[in-house]
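Reader: I would like to learn how to read cysteines and internal cavities in a model. Can you take me through them?

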Amino acid sequence: LILKMLLITKHLGDELAQNWDKVELNNLRQLGGKNLLRLRDLCLRTVHTNSYGGEHTYDYYDFVTILEKIAAEFLSLAQFVSTKKTKKSALFKKVSSLCDELYSCYLKKDFNYSNAIWNKIRQGLKQKGDPENLPKTLRKENPVILVYYYNMMQLLLHLSSRLVGLSIIDSKEGK
């Protein structure tokens, strides 16, 4: 179920990246709206009921809720893009590629890979959020897209930190 949540979230980002200029909001809402919320609830119930992860159940629980928040950000961004007709952002390409990397990271459950992605996201946040770089970034990017970027990067950082923790757990258990 967690893998399915990851795939849906990744698919939302991919669809938005590929169809930026002609976003089909209804399709994205069908995929990421109520269906995703139902899947999230089912996933959380399953994690809680089966105590998935043992004493680390909370880590999986948090991982699922972060995924749902990322999907909600993608939907919100799609809504903004479709109504305001903004130009495609290089920042969003970065977010989309990080989602792909986090997906493969979840599949591998390798601590070094997870830690490298966590550091990469941290550096990206530090670079774009640096007060010295902000005026230059604002000249290139739509300020609203920059806010979405920052929010998504914060969520991806949180998700990647959970992946680092889950990778440690899985490596200790020999999974």
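Author: We start with the cysteines and then turn to the cavities. Keep in mind that this is a predicted model.

Reader: How many disulfides does the count come to?

Author: The general idea is a distance test. A disulfide needs two cysteine sulfur atoms within 2.5 Å. Here the count comes to zero disulfides.

Reader: Why is Cys43 too far for a bond?

Author: Look for the closest cysteine sulfur. For Cys43 that sulfur sits in Cys99, 17 Å away, so a bond is ruled out by distance.

Reader: And which cysteine sulfur is nearest to that of Cys99?

Author: That of Cys105, at 12 Å. Cys99 is in no disulfide.

Reader: Is Cys43 buried or exposed?

Author: Compare the relative accessible area with the cut-off. Buried means under 20%. Cys43 has 1% relative accessibility, so it counts as buried. Cys99 has a relative accessible area of 9%, so Cys99 is buried too.

Reader: Now the cavities. How many of 30 Å³ or more does the structure hold?

Author: A cavity is a space where a probe fits but cannot get out. The structure holds two of 30 Å³ or more. The largest has about 50 Å³ of space. The second largest has about 40 Å³.

Reader: Which residues line the largest cavity?

Author: Read the lining by position along the chain. Leu6, Thr9 and Lys10 are in the list, with Leu67 and Ile70. Cys99, Leu102, Leu156 and Leu159 complete the lining. So Cys99, a buried residue, is also part of this cavity wall.

Reader: Which helices each supply at least two residues of that lining?

Author: Helix 1 (2-18), helix 4 (57-84), helix 5 (90-108) and helix 8 (143-173). Helix 1 gives the most, with three residues.

Reader: How do the residues of this lining divide into nonpolar, polar and charged?

Author: Sort the residues by class. For the largest cavity, seven are nonpolar, one is polar and one is charged.

Reader: What lines the second largest cavity?

Author: Leu77, Leu91, Phe92 and Val95 are on the list. Ile145, Tyr148, Tyr149 and Met152 are there as well. Helix 5 and helix 8 are the elements that give two or more residues to this lining. Helix 8 gives the most, with four.

Reader: And how do the residues of that second lining divide?

Author: Eight are nonpolar, with no polar and no charged residues. Set that beside the largest cavity, where the lining has one polar and one charged residue.

How values were computed: Residues are numbered from 1 along each chain as its sequence is written. This is a predicted model: local features need pLDDT of at least 70, side-chain atom pairs count only at pLDDT 80 or more; totals for chains, interfaces and linings use all residues. Side-chain values use heavy atoms; hydrogens and water are left out. Buried means under 20% relative accessible area, exposed over 50%, partly exposed in between (1.4 Å probe, protein chains only). On a 1 Å grid over the protein atoms alone, a cavity is a set of points where a 1.4 Å probe fits but cannot get out, and a pocket is an open set with protein on both sides within 12 Å along at least five of seven lines; lining residues have an atom within 4 Å of a point. Grid points are joined across faces, edges and corners, and a volume is the space filled by probe spheres set on the points. Ala, Val, Leu, Ile, Met, Phe, Trp, Tyr, Cys and Pro count as nonpolar, Asp, Glu, Lys and Arg as charged, and the others, Gly among them, as polar.
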